[in-house]
Amino acid sequence: MKEVISTNAAPGAIGPYSQAIKVGNMLYCSGQIPVDPATGTIPEGIKAQTAQSLANVKAILAAAGASIENVVKTTVFLADMSLFGEMNEVYAQNFTEPFPARSAVAVRELPKQVLVEIEVIAILG
């Protein structure tokens, strides 16, 4: 009973995966890297990249009839943990209490050599 959720307002999948999958009232969003879906460009710097990744997440949530307030869990992948503070500043501007649960990890490399990738799980209303 999986339903594929997709939108042109976020970058298309670059492999054999869906932007998001809805199962019942749960939405599982694939990790979003900071690619501008209109231009294919990647902004410079961790703050701009975090903002674009979250804009992509919000577009997918909207396609499912949800918003950032529906998010219950996030996972943030960083190219380097030294980027955490600046990422967290932008992240904090996008979420309100009660904040979703979150994991943040540094990884060896991200697609297209971006600095951040963000995935979310949301409960649909």
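**Helix pair**

I began with helices α1 and α2 in this predicted model. Helix α1 covers residues 46-63 and helix α2 covers residues 84-94. Their axes come within 8 Å and cross at roughly 35°. I noted the hand of this crossing as right-handed.

Which residues of α1 and α2 make the contact? From α1, I listed I46, K47, T50, A51, L54 and K58. From α2, I listed E86, M87, E89, V90, Y91 and N94. I then sorted the contact by class: six residues are nonpolar, two are polar and four are charged.

**Q52 on α1**

I stayed on helix α1 and looked up Q52, which lies in it. Is Q52 buried or exposed? I entered Q52 as buried, because its relative accessibility is 16% and the cut-off for buried is under 20%. I then looked for partners beyond four places in sequence. Q52 is in contact with P34, V35, D36, P37 and P43.

**Largest pocket**

Next I searched for open space. How much space lies in the largest pocket? I recorded about 210 Å³. I counted 16 residues in its lining. P11, G12, I14, Y17 and I33 lie nearest the centre of the pocket.

I asked which element gives the largest share of this lining. It is strand β3, residues 26-32, with three residues. By class, the lining divides into eight nonpolar, six polar and two charged residues.

**Q32 on β3**

Strand β3 also holds Q32, so I checked its accessibility. Q32 is at 5% relative accessibility and therefore counts as buried. Leaving out residues up to four places away in sequence, I found that Q32 touches A10, P11, S53, N56, V57, I60, V116, E117 and I118. One of these, P11, is also among the residues nearest the centre of the largest pocket.

**Backbone checks**

I turned to the backbone. Most residues other than glycine have a negative phi, and most peptide bonds are trans. I looked for departures from this.

Where does a cis peptide bond occur? I found one from E97 to P98, with omega near -5°. P98 sits in the loop between α2 and β5, the latter being residues 101-106.

I then found positive phi values in K112 and Q113. K112 has phi near 60° and is not a glycine. Q113 is not a glycine either, and its positive phi is about 60°. I placed K112 in the loop between β5 and β6, where β6 is residues 116-123. Q113 is in the loop between β5 and β6 too. I entered Q113 as exposed because its relative accessible area is 57%, and the cut-off for exposed is over 50%.

**E119 on β6**

I moved on to strand β6 and looked up E119 there. E119 is partly exposed, with a relative accessible area of 30%. I checked its C-alpha distance to T75. The two residues are 44 residues apart along the chain, and their C-alpha atoms are separated by 5.3 Å.

Which residues does E119 touch, not counting those up to four places away in sequence? I noted C29, S30, G31, K73, T74, T75 and F77. So T75 appears in my list of contacts as well as in my distance entry.

**S103 on β5**

For strand β5, I picked S103. S103 has a relative accessible area of 30%, so I entered it as partly exposed. S103 and K73 are 30 residues apart in sequence, and I read 8.2 Å between their C-alpha atoms. Not counting residues up to four places away in sequence, S103 touches K73, T74, T75 and V76. K73, T74 and T75 are also touched by E119.

**A79 in a loop**

My last residue was A79, in the loop between β4 (71-78) and α2. Its relative accessibility is 30%, so I wrote A79 down as partly exposed.

How far apart are the C-alpha atoms of A79 and N8? I recorded 26 Å, with the two positions 71 residues apart along the chain as the separation. For contacts, I left aside neighbours within four places in sequence. A79 is in contact with V107, L110, V114 and L115.

Conventions. Residues numbered from 1 in each chain as written. Predicted model: local features only at pLDDT ≥ 70, side-chain atom pairs only at ≥ 80, totals over all residues. Heavy atoms only, no water. Axes fitted to C-alpha atoms, helices over the stretch in contact; angles between N-to-C directions. Helix = DSSP H or I, 4+ residues; strand = E, 2+ residues; numbered from the N terminus. Left-handed = near helix turned anticlockwise from the far one by under 90°. Contact = heavy atoms within 4.5 Å. Nonpolar A, V, L, I, M, F, W, Y, C, P; charged D, E, K, R; others polar. Buried < 20%, exposed > 50% of the residue type's maximum accessible area, 1.4 Å probe, protein only. 1 Å grid on protein atoms, 1.4 Å probe; cavity = no way out; pocket = protein on both sides within 12 Å on 5 of 7 lines; lining within 4 Å. Points joined across faces, edges and corners; volume = space filled by probe spheres on them.
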